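Visitor: I would like a close look at a single part of this protein. Please start with the whole chain, then zoom in.

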Amino acid sequence: MEKKFKVGILGGTGMVGQRFISLLEDHPWYEVVTIAASPRSAGKTYKEAVGGRWKMSTPMPKAVEDIVVMNVNDVDAVASTVDFVFSAVDMSKEEIRAIEDAYAKTETPVVSNNSAHRWTPDVPMIVPEVNPEHLKVIEAQKKRLGTTKGFVAVKPNCSIQSYAPALYALREFEPYEVVATTYQAISGAGKTFKDWPEMVENIIPYIGGEEEKSEQEPLRIFGKVEDGVIVKAAEPKITTQCIRVPVLNGHTAAVFVKFRKKPTKEEIIERWVNFKGLPQELELPTAPKQFIQYMEEDNRPQVQLDVDFERGMGISMGRLREDTVYDYKFIGLSHNTVRGAAGGALLCAELLTAKGYITQK
């Protein structure tokens, strides 16, 4: 690529914003040139604005330390400096929808980690390996917004990454009923153990809004584009429980599934390990070479050993076995702030770029 795309991060001082910045260090296509955050951070260098709140395990990239943070509400000023933005702002859903639309209307594509637009009918919610065909809904969205280049695309909830792609890889066997319990890391709430000491040696059996997202968002991803909107799939019926556990990074899912055409165990594993999507075909920079791995050991996948599979962009499955009530049960693991958040949005941006939706201004 001759010249790198100029990228802005909206909400760049928070945990997901920091993850975007760490993942974009030395990216072959993109360069962070603008960071925007709340008015209280505006006017400070990024290093000053973050202060002692840098939460990544790797150091803050030198290239961003002296970038002066802009006010995220100065939409025209921020948009004038970039080709597109990643959104990780911490606002109410109404405010997020309004500000993401405002950026899109400046002809600046928005790739969002936020949940606010996930059910806007003409906004694609993308797992790049699973539903890249949903990008075509962007044309209808641009008509609604009155734009030629500006639009919003989102990635789905972090917890569904550990089981929704695995179900999609088995779609030929027609999974129709699913029970999933997710065991979710504290970084999913933007926290570390230093921030949230009461989570040490503790479990909280409730995460606000998470169960509805975990049950409904896979159906939107599995749905179809009809008349310029995304119509969610009717099946599989999914019921979930979502539990916060004392883990820093990594969402684990325990899943039970019934199939109309029951596969063998060997067929399931073969479909998982050979599953590829458009990111692998296009060899996108952030795409995992192997999206889904299967681990034969009884005690895998484990967060400490397996969460960073394929740099956190792959998902790990294990303990597949027949069940006495359902057809099969298994365990899934994904990195919630890489594949499940900033990394998933970055891969979505790469796909949008490769397909010509994101262009340089």
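Guide: Here is the chain as a whole, followed by one residue, Arg-300. This is a predicted model, where local features need pLDDT of at least 70, side-chain atom pairs count only at pLDDT 80 or more, and totals for chains, interfaces and linings use all residues. Residues are numbered from 1 along each chain as its sequence is written, and side-chain values use heavy atoms, with hydrogens and water left out.

The protein chain has 12 helices and 14 strands. Both are DSSP runs, numbered from the N terminus: helices are H or I with at least four residues, strands are E with at least two. Of the chain's 361 residues, 58% are buried. Buried means under 20% relative accessible area, with a 1.4 Å probe and protein chains only. Take contacts between residues at least 6 apart in sequence: 77% of them join residues at least 24 apart. A contact means heavy atoms within 4.5 Å.

Now zoom in. Arg-300 sits in a loop. Before the loop comes β12 (292–295), and after it comes α11 (303–306). Is Arg-300 buried or exposed? Arg-300 counts as buried because its relative accessible area is 18%.

What does Arg-300 touch, leaving aside its neighbours within four places in sequence? The contacts are Met-295, Leu-305, Asp-306, Gly-318 and Arg-319. Asp-306 also has a polar contact with Arg-300, side chain to side chain, at 2.6 Å. A polar contact is a pair of N or O atoms within 3.5 Å; within protein, one must be able to donate a hydrogen and the other to accept it, and residues adjacent in sequence count only if both atoms are side-chain atoms.

Note on methods:
Buried means under 20% relative accessible area, exposed over 50%, partly exposed in between (1.4 Å probe, protein chains only).
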